[in-house]
Protein chains: 2
Amino acid sequence: MLKYQKIALEIEKYITVHSLKQGDKIPVIETLISQYKVSKSTIIKALNLLEDKGIVFMVRGSGTFVRGQIRKGYNNLLLTQDCREDDSKNPPFLRKIIGMEIVRAIPDVATALGLEEDSKVYSVRYVHYIEKQVLCMEQVFYNKNIISYLDKEIASESIFNYLKNILGLKIGFPDIYINLDKLNSEEASIFGLNIGDPMLCKEIIYHLASGQPFCYSRAVLNYKQAKFFIKGNRLNSYI
Amino acid sequence: MLKYQKIALEIEKYITVHSLKQGDKIPVIETLISQYKVSKSTIIKALNLLEDKGIVFMVRGSGTFVRGQIRKGYNNLLLTQDCREDDSKNPPFLRKIIGMEIVRAIPDVATALGLEEDSKVYSVRYVHYIEKQVLCMEQVFYNKNIISYLDKEIASESIFNYLKNILGLKIGFPDIYINLDKLNSEEASIFGLNIGDPMLCKEIIYHLASGQPFCYSRAVLNYKQAKFFIKGNRLNSYI
């Protein structure tokens, strides 16, 4: 983690500890410089990062202010918190692995991972629970050329930590797709819902920092739990 | 528009004109400096902006590369392209205003706009079409303390341009919420779908650059058209 990222985390903690609310001002740059004993450019980088993350907003000439809280029950779409990596430490969420195998990539999977059709990929299937209700069914494909070894134990823990810490891979950026459909009979019975009920399909293609896709996740979500928010920044509005 | 934003647009154009694809390298910083005759820090700011927008990704020590195309039929969730401001110039999309009035803010609307309950707000209702099919029904509320005058003509064009150019307001950031539900009988008949079919509810609260919310949009989308993508950046993945 770089210095400005650490400072950004510190400021985030400061906001939480002091229970700052929408519109509350955080200390001016000069104060932050002497508090954290870093350069002005490090502080500005940290504040830019927090603005990008939707934690603060900056008003030129006035200072930096806290952005509002988000409605309860909504998850950050970009943090993919619906289908968390390792939910065992995070009750009432729970993630169970229900299958793992090496399969040949069908066209969709091959396209997503930038592979030839029929290439070998790992397929791992998970069910995510909240309390005892099924929240999400997820199938994840890994490019076997990049992740040459995987077992159930690794797949039950945080695969991303394994990729970073053991395989030394640098994880880059995700492309996220969402669309809606109706539950088929199998899905309906797993969710305890009715055939034809709404479902959210959420796909994520993760790339290495080099731009190469290495992981493709397809999740079907219980529509009652599919509540997401995104804190847009300046770029994302009409302007 | 600031200089680095202009340069970012130029580079975006360059990528389009040269039909660059995922993984294609764009010219190195030194080349861009002499091409656009600006400082190194301006070029770096422009590249950071393009990275944030999901147009390029940077690999330390290697250069800047183009990010992949997005699947056809998917819209950028952050650009809110489902319900565009002025679709008349953008066939086959069309937006019709079906009602405009001054109403008292119900609790939800008051909360979203940071107003007292029963405050006066403008309510504008739109229907968005693609070909002749209803794509989206949208109701937009404007804080009357900020936007003191509005008429149907203004509401039929780009309200955001009016706010920026005529009222001189600085538009800031949006908070976006999505959730799923089932169509009721009225909605089903407007969409030409069945009662109980899935729908996507998308809400956006727009803030001024000062952080004050001024506009609250609630849209119900035809589930067949509700296909969105988000190009995440580094921040948004698990790390």
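The following legends describe close-up views of aromatic rings in a predicted model.

**View 1. An aromatic pair between chains A and B.** Over all chains, the structure holds 12 aromatic pairs. In one of them, the ring centres of A:Tyr74 and B:Tyr177 are 5.1 Å apart and the planes stand at 80°; because an angle over 60 degrees counts as edge-to-face, this pair is edge-to-face. The pair crosses between chains: A:Tyr74 belongs to the loop between β2 (63-66) and β3 (75-76) of chain A, and B:Tyr177 belongs to strand β7 (residues 171-182) of chain B. A:Tyr74 has a relative accessible area of 13% and is buried. B:Tyr177 also counts as buried, at 3% relative accessibility.

**View 2. An aromatic pair within chain A.** The rings of A:Phe160 and A:Tyr206 have centres 4.9 Å apart and planes at 75°, so this pair is likewise edge-to-face. A:Phe160 lies in helix α6 (residues 159-166), whereas A:Tyr206 lies in strand β8 (residues 198-208); the pair therefore ties together parts that are 46 residues apart in sequence. Both A:Phe160 and A:Tyr206 are buried.

**View 3. The charged end of A:Arg71 and the ring of A:Tyr74.** The charged end of A:Arg71 is placed over the ring of A:Tyr74, at 5.7 Å from the ring centre. A:Arg71 also lies over the face of B:Tyr177, 4.1 Å from the centre of that ring. These two tyrosines, A:Tyr74 and B:Tyr177, form the edge-to-face pair of View 1.

**View 4. A cluster of phenylalanine rings.** A:Phe57, A:Phe65 and B:Phe173 are linked into a cluster by ring pairs.

Definitions and conventions: Residues numbered from 1 in each chain as written. Chains lettered and ligands numbered in written order. Predicted model: local features only at pLDDT ≥ 70, side-chain atom pairs only at ≥ 80, totals over all residues. Heavy atoms only, no water. Phe/Tyr/Trp six-rings, centres within 6.5 Å; stacked < 30°, edge-to-face > 60°. Helix = DSSP H or I, 4+ residues; strand = E, 2+ residues; numbered from the N terminus. Buried < 20%, exposed > 50% of the residue type's maximum accessible area, 1.4 Å probe, protein only. Lys NZ or Arg CZ within 6 Å of the ring centre and 35° of its normal.
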